[in-house]
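I open these notes with aromatic contacts, then turn to charged pairs and the sheet. The entries are kept in the order in which I looked things up.

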Amino acid sequence: RDDVESRGLGDVYKRQTNGRMRNVFYFWICIAMWLLSACSSQKKEDRGDIQVLMKDSVDANGLQRMQVSDSKTSFTYKGKEYQSSVVRRPDDSLPVVINEQGDKFVDNSITLRITSGGKSIVDKVFTKESFASLVDAKFMKHSILEGLVYDKTTPQGIVYAASVCYPQSDLYIPLSITVSADGKISLAKEELLEDLHETDSI
């Protein structure tokens, strides 16, 4: 079975039983509300420029970039307070990704920082290559690292959801990052709910 699933992030996330996608949805809604409130305080003649900054951009060379995002979260794990920062940036140092239509995209790097009591637990930059052992090389060639978001805490650690996807499509691989209390990181490929149902029905 091919690893590529033809489902949009929003569609699949709604079907997840653990509620992870609700967190992703609320995260993007909060970002959108924050951006809208920031824009509404600007002068009317400035609105065109601000709306452009809210969108993915295309430069003079035809390179498409996702917007920068910065998400901060606080949570409690094993009785301690933690602060998490996830910053996604288009990274011009990474190889350009070209899709089947010939469109060019700048891949993203994502910096994950976790602190507790002023002490750094994790400070790591992820690129799609960080997940090369979990994603088929053919899919990797035409994909970008789309996003990373705090998901939940489990007895094993602090869990983040990530995805590597074909840009501007609904083809993606769901992934997870688990961080232990002492900062050890483990990566895994997530099963989609549809996969589990298909397996159960065989």
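**Entry 1, aromatic rings.** I began with Phe-75, which is buried in this predicted model, its relative accessible area being 7%. I then asked which rings pair by the distance rule, and the count came to 6 aromatic pairs. For Phe-75 and Tyr-150 I noted ring centres 4.5 Å apart and planes at 10°, and because planes under 30 degrees apart count as stacked, I entered this pair as stacked. Phe-75 belongs to strand β4 and Tyr-150 to strand β10 (residues 144-154), so the contact ties together parts that are 75 residues apart in sequence. Tyr-150 has a relative accessibility of 17%, and I list Tyr-150 as buried too.

I next took up Phe-139 and Tyr-166, whose ring centres lie 4.5 Å apart with planes at 15°, so I recorded this pair as stacked. Here the link runs between helix α4, which holds Phe-139, and the loop between β11 (157-165) and β12 (171-179), which holds Tyr-166, with 27 residues separating the two in sequence. I checked the burial of both residues, and Phe-139 and Tyr-166 are each buried.

Following the ring pairs further, I found that they join Phe-75, Tyr-77, Tyr-82, Tyr-150 and Tyr-160 into a cluster. I also noted a charge over a ring: the charged end of Lys-124 sits over the ring of Phe-126, at 5.4 Å from the ring centre.

**Entry 2, salt bridges.** How many salt bridges does the structure hold? I count 5 of them, and I looked up three, set down below.

I started with Arg-65 and Asp-92, a salt bridge in which the closest N and O atoms are 2.5 Å apart. Arg-65 lies in strand β3 (residues 63-65), while Asp-92 lies in the loop between β5 (80-90) and β6 (97-98), so this pair ties together parts that are 27 residues apart in sequence. I then asked whether each partner is buried or exposed. Arg-65 counts as buried at 18% relative accessibility, whereas Asp-92, at 53%, counts as exposed.

For the salt bridge of Asp-107 with Lys-128, I noted 3.8 Å between the closest N and O atoms. The pair links distant parts of the chain, 21 residues apart: Asp-107 is in the loop between β7 (104-105) and β8 (108-116), and Lys-128 is in the loop between β9 (119-126) and α4 (137-141). Asp-107 is buried at 2% relative accessibility, and Lys-128 is buried at 9%.

I then looked at Asp-123 and Arg-113, whose side chains meet in a salt bridge at 3.2 Å, N to O. Asp-123 lies in strand β9 and Arg-113 in strand β8, so the pair ties together parts that are 10 residues apart in sequence. Arg-113 counts as partly exposed, with a relative accessibility of 39%.

**Entry 3, the sheet.** Since β8 and β9 had come up, I asked in what order the strands of their sheet run. I found an open sheet of 4 strands in the order β4-β5-β8-β9, with antiparallel pairing. Its edge strands are β4 (69-77) and β9, each of which pairs on one side only, and the twist from one strand to the next averages 15°. Looking at β5 and β8, I recorded antiparallel pairing over 8 bridges, and for Val-87 I noted Thr-111 as the bridge partner in β8.

Terms used. Residues are numbered from 1 along each chain as its sequence is written. This is a predicted model: local features need pLDDT of at least 70, side-chain atom pairs count only at pLDDT 80 or more; totals for chains, interfaces and linings use all residues. Side-chain values use heavy atoms; hydrogens and water are left out. A salt bridge is a side-chain nitrogen of Lys or Arg within 4 Å of a carboxyl oxygen of Asp or Glu. Buried means under 20% relative accessible area, exposed over 50%, partly exposed in between (1.4 Å probe, protein chains only). Two strands pair if DSSP finds at least two bridges between them. Axes are lines fitted to C-alpha atoms, for helices over the stretch in contact, and angles run from 0 to 180 degrees between N-to-C directions. Rings of Phe, Tyr and Trp (its six-membered ring) pair if their centres lie within 6.5 Å; planes under 30 degrees apart count as stacked, over 60 as edge-to-face and the rest as tilted. A charge sits over a ring if NZ of Lys or CZ of Arg is within 6 Å of the ring centre and within 35 degrees of the ring normal.
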